[in-house]
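This report looks at charged contacts, a surface patch and a pocket in a single protein chain. Please keep the sequence and the coordinates at hand while reading.

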Amino acid sequence: MLAFNAAGAGMAFGITLKSNSIFLAWVALLYQIPFNNILQALGSWRVSPKLLALLFFIYRYGLILRGEYARMQAATRTRGFRPRLNWHSLRTISQLAACLLLRGFDRAERVYQAMLCRGFSGQFYFFNNLKWQKNDTMLAITAGAGLTLLCVSGYF
């Protein structure tokens with residue numbers, strides 16, 4: 001038998017609020033950094049090169065598929081398509097999804113052939129100029145002090 005407990009609901013709300021604030025803080029920090037720099041930093045931390053390549057291709061083809069979808073959506077709107085809950089709309093949407101996947105696959109094949117023509121050997125080479133500097137030390141000390149303050153005050 002399930003029973004509602006106000007203290008448990010309050011604790012669940014607090015946990016949800018904290019986890020969402022942590023996630024939004026990470027998004028705000030990483031949003032300002034170009035994705036290539038993030039991959040370069042992960043490479044300097046000795047993350048697997050296969051994982052780096054996978055992340056790069058997911059990011060790249062996500063942007064390409066978003067652009068293709070916007071083009072196809074604009075084309076259907078200019079032809080007067082308005083999505084409704086009927087067979088015609090469902091068939092049209094499924095055909096658009098299939099066309100998007102086929103275009104993405106075709107584009108991936110062309111990009112792969114172009115990469116092979118340019119001598120791609122399956123490994124990305126990053127610059128290794130990421131060195132620890134005084135500013136990094138100051139940031140680490142400040143962040144550590146702030147986190148310690150949050151833990152001591154009971155907010156974290």
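The text below takes up the salt bridges, then the nonpolar patch, and then the pocket.

The model is predicted, and the values reported here are computed from it.

**Salt bridges**

Side chains of opposite charge can pair when their charged atoms come close. A search of the whole structure finds three salt bridges, which are set out in the table.

| Pair | Closest N and O atoms | Elements |
|---|---|---|
| Glu-68 and Arg-71 | 3.1 Å | both in helix H3 |
| Arg-103 and Glu-68 | 3.2 Å | Arg-103 in helix H4, Glu-68 in helix H3 |
| Arg-110 and Asp-106 | 3.7 Å | both in helix H4 |

Glu-68 and Arg-71 are three residues apart in helix H3 (residues 49-78), which corresponds to about one turn of the helix. With a relative accessible area of 12%, Glu-68 is buried because this value falls under the 20% cut-off, whereas Arg-71, at 51%, counts as exposed because its value is over 50%. The bridge between Arg-103 and Glu-68 links distant parts of the chain, since Arg-103 belongs to helix H4 (residues 87-117) and Glu-68 to helix H3, with their positions 35 residues apart in numbering. Arg-103 itself counts as partly exposed, at 34% relative accessibility.

The remaining pair, Arg-110 and Asp-106, lies within helix H4, its members being four residues apart, or about one turn of the helix. Arg-110 is exposed, with a relative accessible area of 52%, while Asp-106, at 43%, is partly exposed. Salt bridges that share partners join Glu-68, Arg-71 and Arg-103 into one network.

**Nonpolar patch**

On the surface, a nonpolar patch is formed by Ile-22, Trp-26, Leu-29, Leu-30 and Ile-33, which together have about 490 Å² of accessible area. One of these residues, Leu-30, is found in helix H1 (residues 6-31). Leu-30 counts as partly exposed because its relative accessibility of 39% lies between the 20% and 50% limits.

**Second largest pocket**

Which residues lie nearest the centre of the second largest pocket? They are Ala-25, Trp-26, Leu-29, Ala-143 and Leu-147, out of twelve lining residues. The elements that give two or more residues to this lining are H1 and helix H5 (134-153). The pocket has a volume of about 380 Å³, and its lining residues divide into ten nonpolar, one polar and one charged. Trp-26 and Leu-29 appear both in the surface patch and among the residues nearest the pocket centre.

Note on methods. Residues are numbered from 1 along each chain as its sequence is written. This is a predicted model: local features need pLDDT of at least 70, side-chain atom pairs count only at pLDDT 80 or more; totals for chains, interfaces and linings use all residues. Side-chain values use heavy atoms; hydrogens and water are left out. Patches are made of residues with over 30% relative accessible area and no salt bridge: like charges are joined within 9 Å, nonpolar side chains (Val, Leu, Ile, Met, Phe, Trp, Tyr) within 5 Å. Accessible areas come from the Shrake-Rupley method with a 1.4 Å probe; for residues, only the protein chains shown count as cover. A salt bridge is a side-chain nitrogen of Lys or Arg within 4 Å of a carboxyl oxygen of Asp or Glu. Buried means under 20% relative accessible area, exposed over 50%, partly exposed in between (1.4 Å probe, protein chains only). On a 1 Å grid over the protein atoms alone, a cavity is a set of points where a 1.4 Å probe fits but cannot get out, and a pocket is an open set with protein on both sides within 12 Å along at least five of seven lines; lining residues have an atom within 4 Å of a point. Grid points are joined across faces, edges and corners, and a volume is the space filled by probe spheres set on the points. Ala, Val, Leu, Ile, Met, Phe, Trp, Tyr, Cys and Pro count as nonpolar, Asp, Glu, Lys and Arg as charged, and the others, Gly among them, as polar.
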